Amino acid sequence: MQSQTPAIPSNAWFKSSYSGANTSECVEAAAVVDGAAVRDSKRPLGPRIAFGACAWTDFVAALRGNQIH
């Protein structure tokens with residue numbers, strides 16, 4: 001199965017500021033049209049998951065302990 005996420009430039013991906021510089025288990029995220037994409041930082045060419053804008057906003061809010069939609 002091919003990824004349903006659009007081509008994303010390598011410089012668009014970022015790690016959380018909470019992840020260490022050399023941690024072995026981390027995810028990266030990238031802003032895409034109408035949402036965000038997530039991938040395994042150890043497998044940058046591997047599978048990606050795309051989230052719509054509302055789902056991503058709710059996810060980030062839940063991590064921060066804020067109210068969600």
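I take buried to mean under 20% relative accessible area and exposed to mean over 50%, with partly exposed in between. I note at the outset that the model I am reading is a predicted one.

**Entry 1, cysteines.** I looked up Cys-54 against these cut-offs and found a relative accessible area of 44%, so I record Cys-54 as partly exposed, since that value lies between the two limits. I then looked up Cys-26, which has 12% relative accessibility and therefore counts as buried, being under the 20% limit. I also checked for disulfides, and the structure holds zero of them.

**Entry 2, the sheet.** I followed the strands next and wrote down an open sheet of four, in the order β1-β2-β3-β4, with antiparallel pairing. Which strands stand at the edges of this sheet? They are β1 and β4, the latter covering 48–52, and because each has a single partner strand, one side of each is left without a neighbour in the sheet.

**Entry 3, strand by strand.** I began with β1, residues 14–15, which is joined by two bridges to β2, residues 27–32, the two strands running antiparallel. Within this pair I found Phe-14 standing opposite Ala-29 in β2. I went on to β2 and β3, the latter spanning residues 35–40, and noted antiparallel pairing over six bridges, in which Ala-30 has Ala-37 of β3 as its bridge partner. The hairpin of β2 and β3 has two residues between the strands, and there I noted that Asp-34 takes a positive phi near 60°. For β3 and β4 I recorded antiparallel pairing over five bridges, and I marked Arg-39 as standing opposite Arg-48 in β4.

**Entry 4, the helix.** I looked up what packs on the sheet and found helix α1, residues 53–64, which touches β2, β3 and β4. The direction of α1 makes about 95° with that of β4.

**Entry 5, the largest pocket.** I noted a volume of about 350 Å³ for the largest pocket. I found that 15 residues line this pocket, and that Phe-14, Ser-16, Trp-56, Phe-59 and Leu-63 are the ones that lie nearest its centre. Which element gives the most to the lining? I found that α1 does, with five residues, while β1, β2 and α1 each supply at least two residues of the lining. I add a cross-reference for Phe-14, which I had entered above as standing opposite Ala-29 in β2 and which I meet again here among the residues nearest the pocket centre.

Methods:
Residues numbered from 1 in each chain as written. Predicted model: local features only at pLDDT ≥ 70, side-chain atom pairs only at ≥ 80, totals over all residues. Heavy atoms only, no water. Disulfide = S-S within 2.5 Å. Buried < 20%, exposed > 50% of the residue type's maximum accessible area, 1.4 Å probe, protein only. Pairing = 2+ DSSP bridges. Contact = heavy atoms within 4.5 Å. Axes fitted to C-alpha atoms, helices over the stretch in contact; angles between N-to-C directions. 1 Å grid on protein atoms, 1.4 Å probe; cavity = no way out; pocket = protein on both sides within 12 Å on 5 of 7 lines; lining within 4 Å. Points joined across faces, edges and corners; volume = space filled by probe spheres on them.
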